[in-house]
Amino acid sequence: MNSLVDGTATECVPSDDRGLLFGESVFETVAFLTGRAPLWERHLARLASGARALGLEMPDRVVLERECDRLLQSRPADRAVIRITLTGGSGGHGYWPASAPKPRRILQRRAWPGAIERQRREGLGAVVSQYRLGPAGPLAGLKHGNRLLQTLIARECVRRGAEEALVIDEQHRLAEALSSNLLLVADSRLMTPARTEVVGVGLSWLGETLGEELEVDSVEIDRLETLSEVLVINSVAGIRPLVAIERHRFPVGPVCRRLQSLWQKELFPCA
């Protein structure tokens, strides 16, 4: 069993689902280790925030926990990933929502990505994407279902033979990676960009853990060569170093190894 749609084991979603038609959805991608999701509370909080922003009723957490457990127990494994999607359901007329909307919840189980451990050890090669992060709008900060920019960047990575991409904003400042937030090391400073579309739960955990050590600042792409380490972080892959960005080369440095050790110790001690 790989998917549950409103609690039913199926791969099918109605063709009139508003998430499919209009991107009216929010989602979370959750890492599980031996049945436990270390960042579960953060994922739930962000899902609830996104649901409120779209006017969707948040499912009961007990229901979500039960359905995640069903998917995990169907094919037991030490590690797994579950994506939880909440859509606007069916109904309405065009863009106009139904008078009494009934959200649809979709849970999909995925295998643990096989490349993560290698990427954590050896790092990734990245390009600077041709696509720019536009001005912040009303959807800024939402983990919403319209990921067209990200799919375009992913196609660009395939075309250019890269595992990751850096995205800059209209002022040529570093913003984020394809599906991760950025961590930048310059001299003794550890920074994360001030401008990003979504602050990931992994980054929010790290920020609370490190406190003032993690600074929020703007870094122009022209300053890339002044950085000593460049890292990407998300809730599934954890912390991975970028060892090549275009013509620039970076070491897998001590800050990366220290943060990886902290991530492992605090969140995944049994891994």
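**Local geometry and helix packing in the predicted model**

Ser15 is exposed, with a relative accessible area of 61%. The model described here is predicted. Ser15 lies in the loop that runs between strand E2 and helix H1, the latter spanning residues 18-22. When residues up to four places away in sequence are left aside, the residues touched by Ser15 are Leu20 and Leu21. A further relation links Ser15 to Ser90: the two are 75 residues apart in sequence, while their C-alpha atoms are 8.6 Å apart in space.

Backbone geometry was examined next. In Asp6, phi has a positive value, near 50 degrees, in a residue other than glycine. Asp6 is placed in the loop between strand E1 (3-5) and strand E2 (8-9). Its relative accessibility is 30%, so Asp6 counts as partly exposed, since that class covers values between the 20% limit for buried and the 50% limit for exposed. His172 is not a glycine either, and its phi is positive at about 65 degrees. The loop that holds His172 connects strand E7 (164-169) with strand E8 (174-177). With a relative accessibility of 44%, His172 is likewise classed as partly exposed.

The packing of two helices was then considered. Two packed helices are described by the angle between their axes and the distance between the axes. For helix H2 (residues 40-54) and helix H3 (residues 61-74), the axes come within 12 Å and cross at roughly 125 degrees. H2 and H3 are therefore oblique to each other, because this class takes in angles that lie outside the ranges for roughly parallel, roughly antiparallel and roughly perpendicular. The crossing of H2 past H3 is right-handed. On the H2 side the contact involves Trp40, Glu41, Leu44 and Leu47, which meet Arg61, Leu64, Glu65 and Cys68 of H3. By residue class, the contact of H2 with H3 comprises five nonpolar and three charged residues, with no polar ones.

Cys68, one of the H3 residues in this contact, is buried, its relative accessible area being 2%. Cys12, in contrast, has a relative accessibility of 58% and counts as exposed. A disulfide is a covalent bond between the sulfur atoms of two cysteines. With a cut-off of 2.5 Å between cysteine sulfur atoms, the count of disulfides in the model comes to zero.

Key
Residues numbered from 1 in each chain as written. Predicted model: local features only at pLDDT ≥ 70, side-chain atom pairs only at ≥ 80, totals over all residues. Heavy atoms only, no water. Buried < 20%, exposed > 50% of the residue type's maximum accessible area, 1.4 Å probe, protein only. Axes fitted to C-alpha atoms, helices over the stretch in contact; angles between N-to-C directions. Helix = DSSP H or I, 4+ residues; strand = E, 2+ residues; numbered from the N terminus. Parallel < 35°, antiparallel > 145°, perpendicular 65-115°, else oblique. Left-handed = near helix turned anticlockwise from the far one by under 90°. Contact = heavy atoms within 4.5 Å. Nonpolar A, V, L, I, M, F, W, Y, C, P; charged D, E, K, R; others polar.
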